[in-house]
Amino acid sequence: MVKPTRVIFFGDSITQAAVEPGGYIVKMRDMLTAENKGDDYDLIGAGVSGNKVYDLYLRLEKDVLDKKPDIVVIYVGVNDVWHKRSFGTGTDADKFGKFYEALISKMKDAGIKLILCTPACIGEKTDCTNTQDGEINQYSQIIRDLAATYTCKLCDLRRSFLEYNSQHNSENKEKGILTTDGVHLNDTGNQMVAQMLLEKIREY
């Protein structure tokens, strides 16, 4: 029997919730099962609420490298931006880029294939009045640049969420289109992330 492709989803509370009913990892398993491909992949959630990029770096060994995955999906960045305003913490852009680069290097050295996700949103308003739109865009661009530099697959959630909201959020709501609270995914958001990530995983 062929060993299933082991995929680890490495992130924060958005990924932590993805292993709960209705979460994007559960939805991916359901989609694969429906195609009789459930045994082809071993999908493992490694999300911890509140994590920023340096938290991922600190638990990389135990939660990722020791488990010998074939593919790792990195989905981080929201707290690095969000926590600046809400808790006075967060991660400056230059440090964010350096820690992220260190994560990529260590995993590449271990022969792991990578999919980098841009942070989707902090608020869903479509008129650029979400208070941290500028920084979310900046950090998303850092990730896009790293994906290009290190030839990683890119899952550009930021771009897709903006496009979806521009079409489906005519009332300029702050939440409720793809998220429950402007950050964490609702059922539609989970479905969208599941489809986008599955597509990227299959490209490997």
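Which residues in α7 meet Arg158, Arg159 and Leu162 in α8? The first of these close-up views of a predicted model gives the answer.

**View 1. Helix α7 meets helix α8.** Here we look at α7, which covers residues 133-149, and α8, which covers residues 157-168. On the α7 side, the residues in the contact are Asp133, Ile136, Asn137, Ser140 and Arg144. Their counterparts in α8 are Arg158, Arg159 and Leu162. Sorted by class, this contact holds four charged, two polar and two nonpolar residues. The two helix axes come within 10 Å of each other, and they cross at roughly 135 degrees. Because of that angle, α7 counts as oblique to α8. If such descriptions are new to you, two packed helices are described by the distance between their axes and the angle between them.

**View 2. Five strands make an open sheet.** Follow the strands across the sheet and you meet them in the order β2-β1-β3-β4-β5, with parallel pairing. Which strands stand at the edges? They are β2 and β5, the latter being residues 153-155. Each of these two has a single partner strand, so one of its sides has no neighbour in the sheet. From one strand to the next, the twist averages 20 degrees.

**View 3. Strand β1 and its two partners.** Strand β1 spans residues 5-11 and is mostly covered, with five of its seven residues buried. It runs parallel to β2 (residues 41-47), and seven bridges join the two. One pair to look for is threonine 5 of β1 with tyrosine 41, its bridge partner in β2. Strand β3 (residues 71-75) also runs parallel to β1, and five bridges join this pair. Here isoleucine 8 has valine 72 as its bridge partner in β3, while phenylalanine 10 is partnered with isoleucine 74.

**View 4. Helix α6 packs on the sheet.** This helix is made of residues 93-109. Which strands does α6 touch? Its contacts are with β1, β3 and β4, where β4 is residues 113-117. The direction of α6 makes about 160 degrees with that of β4.

**View 5. Aspartate 42 in strand β2.** This close-up brings us to a residue within β2. Is aspartate 42 buried, partly exposed or exposed? Its relative accessibility is 24%, and therefore it counts as partly exposed. Leaving aside residues up to four places away in sequence, aspartate 42 touches Pro4, Thr5, Arg6 and Val7. Isoleucine 8 is 34 residues away from aspartate 42 along the chain, and the C-alpha atoms of the two are separated by 8.4 Å.

**View 6. Asparagine 169 in a loop.** To finish, find asparagine 169 in the loop between α8 and α9, where α9 is residues 187-202. This residue counts as buried because its relative accessibility is 3%. What lies around the side chain of asparagine 169? One of its polar atoms lies 2.9 Å from the backbone oxygen of glutamate 124. The backbone nitrogen of lysine 173 is 2.8 Å from a polar atom of this same side chain. Not counting residues up to four places away in sequence, asparagine 169 touches Glu124, Lys125, Thr126, Tyr164 and Ile177.

Technical notes: Residues are numbered from 1 along each chain as its sequence is written. This is a predicted model: local features need pLDDT of at least 70, side-chain atom pairs count only at pLDDT 80 or more; totals for chains, interfaces and linings use all residues. Side-chain values use heavy atoms; hydrogens and water are left out. Buried means under 20% relative accessible area, exposed over 50%, partly exposed in between (1.4 Å probe, protein chains only). Helices (H or I, at least four residues) and strands (E, at least two) are DSSP runs, numbered from the N terminus. Two strands pair if DSSP finds at least two bridges between them. Axes are lines fitted to C-alpha atoms, for helices over the stretch in contact, and angles run from 0 to 180 degrees between N-to-C directions. Angles under 35 degrees count as roughly parallel, over 145 as roughly antiparallel, 65 to 115 as roughly perpendicular and the rest as oblique. Contact means heavy atoms within 4.5 Å. Ala, Val, Leu, Ile, Met, Phe, Trp, Tyr, Cys and Pro count as nonpolar, Asp, Glu, Lys and Arg as charged, and the others, Gly among them, as polar. A polar contact is a pair of N or O atoms within 3.5 Å; within protein, one must be able to donate a hydrogen and the other to accept it, and residues adjacent in sequence count only if both atoms are side-chain atoms.
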